[in-house]
Structures are given as C-alpha cells and as structure tokens.
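User: Please take a close look at one residue in this model and describe its surroundings. I would then like to see how that part fits into the rest of the chain.

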Amino acid sequence: MSHIQWRKSSYSADAPDNACVELAHAPDAAILLREGDEPGTVIATTPAALRALTRAVRAGRFDQLSH
C-alpha cells in the first residue's frame, strides 16, 4: 500500500502525536480509511457507505456511545 496517497483533514495538526483518520482512493474506486497512529490497519468502503456514515455522525446517531 505504499503507492496509496493518504490524505488527512486540514484541521489536523502536523504534530507527530496528533493521530487522525486518513482517507485515500484505491485503484478499484473504493475509499480506504485508516487511523494515523495505526497505519497498517485499513478499512475499505464505498463512497455511498462513507457518505451514509458521515451523515449519521453529523446527525448525532452515535452520540450515546460516548456515555
């Protein structure tokens, strides 16, 4: 996966201890996700599934998980 170009949010600082979620496009059109401090663990998803997850997070559907 060294040929994959990972991107992180512009809101993330460049400090080495500031891990964040990183995204990349896979050659087969999938979207790849990984945690910056665990770069060997990669999740592949579809653009539609990622949009659905983003909408759910913004709507607060996972807020109860933090309690």
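Analyst: **Glu22 and its surroundings**

Setting aside residues within four places of it in sequence, Glu22 is in contact with Trp6, Arg7, Lys8, Leu32, Leu33, Arg34 and Gly36, where contact means heavy atoms within 4.5 Å. The model is a predicted one, in which local features need pLDDT of at least 70 and side-chain atom pairs count only at pLDDT 80 or more, whereas totals for chains, interfaces and linings use all residues. Residues are numbered from 1 along each chain as its sequence is written, and side-chain values use heavy atoms, with hydrogens and water left out.

Glu22 belongs to strand β2; strands (E, at least two residues) and helices (H or I, at least four) are DSSP runs numbered from the N terminus. Is Glu22 buried or exposed? Its relative accessible area is 13%, so Glu22 is buried. The term buried applies under 20% relative accessible area and exposed over 50%, with partly exposed in between, using a 1.4 Å probe and protein chains only.

The side chain of Glu22 makes a polar contact of 2.6 Å with the side chain of Arg34. A polar contact is a pair of N or O atoms within 3.5 Å; within protein, one atom must be able to donate a hydrogen and the other to accept it, and residues adjacent in sequence count only if both atoms are side-chain atoms. The pair also forms a salt bridge, with the closest N and O atoms of Glu22 and Arg34 2.6 Å apart. This pair links distant parts of the chain, since Glu22 sits in strand β2 (residues 21–25) and Arg34 in strand β3, 12 residues away. The rule for a salt bridge is a side-chain nitrogen of Lys or Arg within 4 Å of a carboxyl oxygen of Asp or Glu, and the count by this rule is 1.

Turning to the partner, Arg34 is part of strand β3 (residues 31–35). Arg34 is also classed as buried, because its relative accessibility is 19%. Apart from neighbours within four places in sequence, Arg34 contacts Trp6, Cys20, Val21, Glu22, Pro39, Thr41 and Val42. Trp6 thus appears in the contact list of Glu22 and in that of Arg34.

Trp6 and Leu32, both contacts of Glu22, belong to the largest nonpolar core, whose 6 residues are Ile4, Trp6, Ala24, Ala26, Ala30 and Leu32. A nonpolar core is a set of buried Ala, Val, Leu, Ile, Met, Phe, Trp, Tyr and Cys residues joined through side-chain atoms within 4.5 Å. Within this core, Ala26 touches Ile4 and Leu32, not counting residues up to four places away in sequence.

Strand β2 also contains His25. Unlike the buried Glu22, His25 counts as exposed, with a relative accessibility of 60%. The contacts of His25, again without its neighbours within four places in sequence, are Ile4, Ala30 and Ile31. His25 and Arg7 are separated by 18 residues in sequence and by 9.4 Å in space, C-alpha to C-alpha.

In the loop between β2 and β3 lies Ala29. Ala29 is exposed, because its relative accessible area is 54%. Its phi is near 80 degrees, which is a positive value in a residue other than glycine. Most residues other than glycine have a negative phi.

In the wider setting, the protein chain has 1 helix and 4 strands, arranged from the N terminus as β-β-β-β-α. Helix α1 (residues 47–58) has 12 residues and reaches 16 Å from its first C-alpha to its last, close to the 16 Å expected at 1.5 Å a residue; the expected span is 1.5 Å times one less than the number of residues. Just after α1, Gly60 takes a positive phi of about 85 degrees.

Of the 67 residues in the protein chain, 21% are buried. Among contacts with a separation of 6 or more, 13% involve residues 24 or more positions apart. The mean pLDDT of the chain is 85, and 82% of its residues reach 70 or more; pLDDT is the predictor's confidence in each residue, from 0 to 100. Among the elements, α1 has the highest mean pLDDT (93) and strand β1 (residues 7–8) the lowest (88).
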